[in-house]
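Take a walk through this fold, strand by strand and then residue by residue. Keep the sequence at hand.

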Amino acid sequence: MGSDSEVEKTQQKEKERKKMLAIAPIAKPLAGKKLSKKTLKLVRKASEHKCLKRGVKELVKSIRRGHKGLCVIAGNISPIDVITHVPILCEEAEIPYVYVSSKEDLATAGATKRPTCCVLVLTKPTKGELAIEEQEKMKADYSQIVSDVSELTSSLF
C-alpha cells in the first residue's frame with residue numbers, strides 16, 4: 001500500500017498525461033515545463049499591469065492595429081480551426097508566439113475564470129503608464145522569454 005503522497009503523484013502524472021494527449025498537432029513551438037511556467041508568470045504580471053489582450057477577437061484586433069508583444073496560444077483548443085489563423089497573423093506582423101499546454105492554465109494566469117485560447121502580452125499598457133522600475137522589470141522578463149521562444153523556434157526549423 002502506498003502513501004498519500006504517492007497516490008497524489010500518480011494522479012498528478014495522470015492529469016499531465018491527459019493534458020498532453022489533448023494538445024493539437026499544429027501546436028508548435030510548444031513551450032516545455034520551464035518556459036511554460038515563465039510565460040504564464042509573465043502573463044500574470046501583464047494582467048496585473050493591464051498589458052494583456054485576451055481572446056481571439058481582441059488579439060486579432062490588436063495585431064491589425066499594429067500593437068506588438070508576445071502571443072501565447074493554448075495548445076488544447078477544440079476545434080482547432082478557431083485559432084489556426086493566429087500564428088499566420090503573428091508571423092506576418094513579426095510577433096513571436098508560443099503554445100502552452102492548457103487553456104485553463106492560461107486563463108488562470110490571465111486572471112479570468114473562463115478558459116482562454118490565446119492572449120497577447122503587450123510591452124506597454126494600452127491606457128495609462130507604468131512606474132519606470134516596473135516597466136523595466138516587465139521589459140526584462142519579456143525580452144528573456146522572447147529570446148527563449150526564438151531559440152525554441154530556431155531549433156524547430
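How many of the 6 residues of β2 are buried? The strand is mostly covered: 6 of its 6 residues are buried. Buried means under 20% relative accessible area, exposed means over 50%, and partly exposed lies in between, with a 1.4 Å probe and protein chains only. Strands (E, at least two residues) and helices (H or I, at least four) are DSSP runs, numbered from the N terminus.

This is a predicted model, where local features need pLDDT of at least 70, side-chain atom pairs count only at pLDDT 80 or more, and totals for chains, interfaces and linings use all residues. Residues are numbered from 1 along each chain as its sequence is written, and side-chain values use heavy atoms, with hydrogens and water left out.

Start with the sheet. It is open and has 4 strands, in the order β1-β4-β2-β3, with mixed pairing. Its edge strands are β1 (52-54) and β3 (97-100), each pairing on one side only. Two strands pair if DSSP finds at least two bridges between them. Neighbouring strands here are turned by 20° against each other on average, direction ignored. For such angles, axes are lines fitted to C-alpha atoms, for helices over the stretch in contact, and values run from 0 to 180 degrees between N-to-C directions.

Strands of a sheet pair through backbone hydrogen bonds, either parallel or antiparallel. β2 (residues 69-74) shows both. With β3 it runs parallel, joined by 4 bridges. With β4 it pairs in the antiparallel sense, over 5 bridges. C71 can be followed in both directions: it stands opposite Y97 in β3 and opposite L120 in β4. V72 stands opposite V98 in β3.

Now add a helix. α3 (residues 55-64) packs on the sheet and touches β1, β2 and β4 (118-122). The direction of α3 makes about 40° with that of β4. Contact means heavy atoms within 4.5 Å.

Helix α4 holds C90. Is C90 buried or exposed? C90 counts as buried, because its relative accessibility is 0%. Leaving aside residues up to four places away in sequence, C90 touches I63, C71, I95 and Y97. Two of these names have come up already: C71 and Y97 stand opposite each other, in β2 and β3. C90 also lies 9.6 Å from G69, C-alpha to C-alpha, although 21 residues separate them in sequence.

The cysteines raise another point. A disulfide is a covalent bond between the sulfur atoms of two cysteines. Here the term is applied to a pair of cysteine sulfur atoms within 2.5 Å. How many disulfides does a search of the whole structure find? The search finds 0. Why does C118 not form one? Its closest cysteine sulfur, in C117, is 4.0 Å away, so the pair is too far apart for a bond. For C51 the closest cysteine sulfur is in C71, 16 Å away, which is also too far for a bond. C51 is buried, at 0% relative accessibility. C118 is buried too, at 0%.

Next come the loops. N76 sits in the loop between β2 and α4 (86-92). S101 sits in the loop between β3 and α5. Both residues are buried: N76 has 13% relative accessibility, and S101 has a relative accessible area of 18%. They also touch each other. What else does N76 touch? Beyond residues up to four places away in sequence, the list is A22, I23, S101, S102, K103 and E104. S101, counted likewise, touches I23, L30, G75 and N76. I23 therefore touches both N76 and S101. A polar atom of the N76 side chain lies 2.9 Å from the backbone nitrogen of K103. That is a polar contact: N or O atoms within 3.5 Å, where within protein one must be able to donate a hydrogen and the other to accept it, and residues adjacent in sequence count only if both atoms are side-chain atoms.

Helix α5 (residues 103-109) contains A107. A107 is buried, with a relative accessible area of 2%. Outside the four-place window in sequence, A107 touches T112, R114, P115 and T116. The C-alpha atoms of A107 and V43 are 9.4 Å apart, with the two positions 64 residues apart along the chain.

Finally, the record. UniProt lists residues 38-124 as "domain: Ribosomal protein eL8/eL30/eS12/Gadd45", in an unreviewed entry. Positions follow the numbering used here, feature names are shortened, and annotations may be inferred rather than shown by experiment. In the model this span is 40% helix and 21% strand. Its end C-alpha atoms lie 19 Å apart.
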